[in-house]
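Here is a short walk through one protein chain, written for someone meeting it for the first time. Have the picture open and follow along.

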Amino acid sequence: MLQVKNISFGYNKNRVLENITFNLKKSKNLAIIGESGSGKSTLLKLIYGEYDLDQGDIFWKDTQILGPKHNLVIGYDFMKYVSQEFDLMPFITVEENIGKYLSRFYPEEKQKRTTELIKVVELQDFSKTKVKNLSGGQKQRVALARALAKQPEILLLDEPFSHIDNFKKQSLRRSVFSYLKENNIACIVATHDNNDVLGFADEMLVLDQKNIIAKDTPQNLYNNPKLPLIASFFDEFNEIDGKIYYAHQLQIVEKSDTSTSWSVSEAELLSSSLKGVVKNSYFNGESWLIEVEYISKSIFIQHHSEIEKQTKIQFLMNI
Ligand code: ADP
Ligand code: MG
């Protein structure tokens, strides 16, 4: 188990993280989210032992993670870290990079393991390609595979899919996160992409203003986002009378097609509805996002079709 106990850290006198405490159990997936500059990468580096803490302790099981002041070589065998810059060797091939730290004394084992990892990151067509000839996204996948090569007990991933194009992203996420679960590897993923979290993270920790402002399952935080920052991570949202509503929780009231006047139940709905004017419609794939001016600010409502600009509409909070 990872224990982060009351740690504080700053690169200079200005603190980046203050009194951070949390635990992570074996083989669990924890997402760290927060705005750019909130300290996600710093937290991962501290857990890896890259810097000395100003205060507090970090343990993996019984081993205390020590910074460079107390540890000649940074890092531990049971932990791997894939940073935002991925430090690969450019002049050797993908499979050589991945196999770099695997024992040469068992060439068959080494080949088998390398092939397995290349499959996990879906780079079968590039195993003999020199890393310098790869795209950013392909390099990121090599870095992931190399971190997995020696079966760490815990893996720290900093924005692991940020360079990977949308065509590949979702299948790669499934492949990597399933591999980690199957092999009981705990992981901490720093990200600002909700797709890295939903469907994969067991828990989610939100960093803001040097602190943890929320820690819960993605489901609980999604369903009850107490703060705009949390809602904004998941989806388009609105604040109305101090309450948070996702765009799909607001509903534009429509007349049923067949009748010219409002039915009784529709009229009842209308009496509790709010009024606004359509400013714009944005195509979103399965639906449209309608921008509506409501008390001189914009709110966003999910709707099945486009609505002409300047149309007066009424909408409900549909919870
Ligand atoms: P995130 O990963 O959430 O974007 P970082 O951990 O990279 O945030 O950065 C947190 C804060 O620490 C930022 O204000 C950033 O400018 C600062 N910072 C990051 N790395 C360094 C560094 N090596 N030296 C000084 N300040 C740094
Ligand atoms: Mg970062």
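Helices and strands here are DSSP runs, at least four residues long for a helix (H or I) and at least two for a strand (E), numbered from the N terminus. With that in hand, and keeping in mind that this is a predicted model, start with the stretch the record names. UniProt, in an unreviewed entry, lists residues 2-234 as "domain: ABC transporter". Over residues 2-234 the chain is 31% helix and 25% strand, and the C-alpha atoms at the two ends sit 27 Å apart.

**The six-stranded sheet**

Look for an open sheet made of six strands, in the order β6-β7-β8-β3-β9-β10, with mixed pairing. At the edges stand β6 and β10 (211-216), each with a single partner strand, so one side of each has no neighbour in the sheet. From one strand to the next, the twist averages 15 degrees.

Helices lie against this sheet too. Helix α4 (residues 136-149) packs on the sheet and touches β6 and β7 (154-158), with a direction about 175 degrees from that of β6. Helix α5 (residues 166-182) lies across β3, β7 and β8, and runs at about 150 degrees to β8.

Now zoom in on one pair of strands. Strand β3 (residues 29-33) and β8 pair in the parallel sense, over five bridges. Within that pair, Ile 33 stands opposite Thr 191 in β8.

**A closer look at Thr 191**

Is Thr 191 buried or exposed? Thr 191, which lies in strand β8 (residues 186-191), has a relative accessible area of 1%, so the residue counts as buried. Leaving out residues up to four places away in sequence, Thr 191 touches Ile 32, Ile 33, Gly 34, Lys 40, Glu 159, Asp 196, Val 197 and Phe 233. One of these contacts is polar: the side chain of Thr 191 meets the side chain of Asp 196 at 2.6 Å. The Thr 191 side chain also reaches the backbone nitrogen of Asp 193, at 2.8 Å. As for Ser 171, 20 residues away along the chain, its C-alpha atom is 17 Å from that of Thr 191.

**The magnesium ion**

Which residues coordinate the magnesium ion (ligand 2)? They are Ser 41, through OG, and Gln 84, through OE1, at 2.0 to 2.7 Å. This pair links distant parts of the chain, 43 residues apart: Ser 41 belongs to helix α1 (residues 40-48), while Gln 84 sits in the loop between β6 (79-82) and α2 (94-99). Ser 41 has 18% relative accessibility and so counts as buried, the cut-off being under 20%. Gln 84, at 35%, is partly exposed.

**Strand β17 and its partners**

Further along the chain, strand β17 (residues 312-317) is worth finding. Strand β13 (residues 250-252) runs antiparallel to β17, and three bridges join them. Here Gln 251 has Leu 316 as its bridge partner in β17. Strand β14 (residues 274-283) also pairs with β17 in the antiparallel sense, over four bridges, and Lys 275 is matched with Gln 314 in β17.

Gln 314 has another link. The side chain of Ser 273 makes a polar contact with the side chain of Gln 314, at 2.6 Å. Ser 273 lies in the loop between α8 (264-271) and β14, and is buried, with a relative accessible area of 11%. Apart from neighbours within four places in sequence, Ser 273 is in contact with Val 253, Gln 314, Phe 315 and Leu 316.

**Two loop residues with positive phi**

Most residues other than glycine have a negative phi. The two in the table go the other way: Lys 61 has a positive phi, and so does Ser 296.

| Residue | Phi | Loop | Relative accessibility |
|---|---|---|---|
| Lys 61 | near 50 degrees | between β4 (55-60) and β5 (63-64) | 42%, partly exposed |
| Ser 296 | near 50 degrees | between β15 (288-294) and β16 (297-303) | 68%, exposed |

To find them in the picture, look for Lys 61 in the loop between β4 and β5, and for Ser 296 in the loop between β15 and β16.

Notes:
Residues numbered from 1 in each chain as written. Chains lettered and ligands numbered in written order. Predicted model: local features only at pLDDT ≥ 70, side-chain atom pairs only at ≥ 80, totals over all residues. Heavy atoms only, no water. Donors = N, O, S within 2.8 Å, 3.2 Å for Na, K, Ca; no water. Buried < 20%, exposed > 50% of the residue type's maximum accessible area, 1.4 Å probe, protein only. Pairing = 2+ DSSP bridges. UniProt positions renumbered as here; feature names shortened; annotations may be inferred. Contact = heavy atoms within 4.5 Å. Polar contact = N/O pair within 3.5 Å; in protein donor to acceptor, adjacent residues only side chain to side chain. Axes fitted to C-alpha atoms, helices over the stretch in contact; angles between N-to-C directions.
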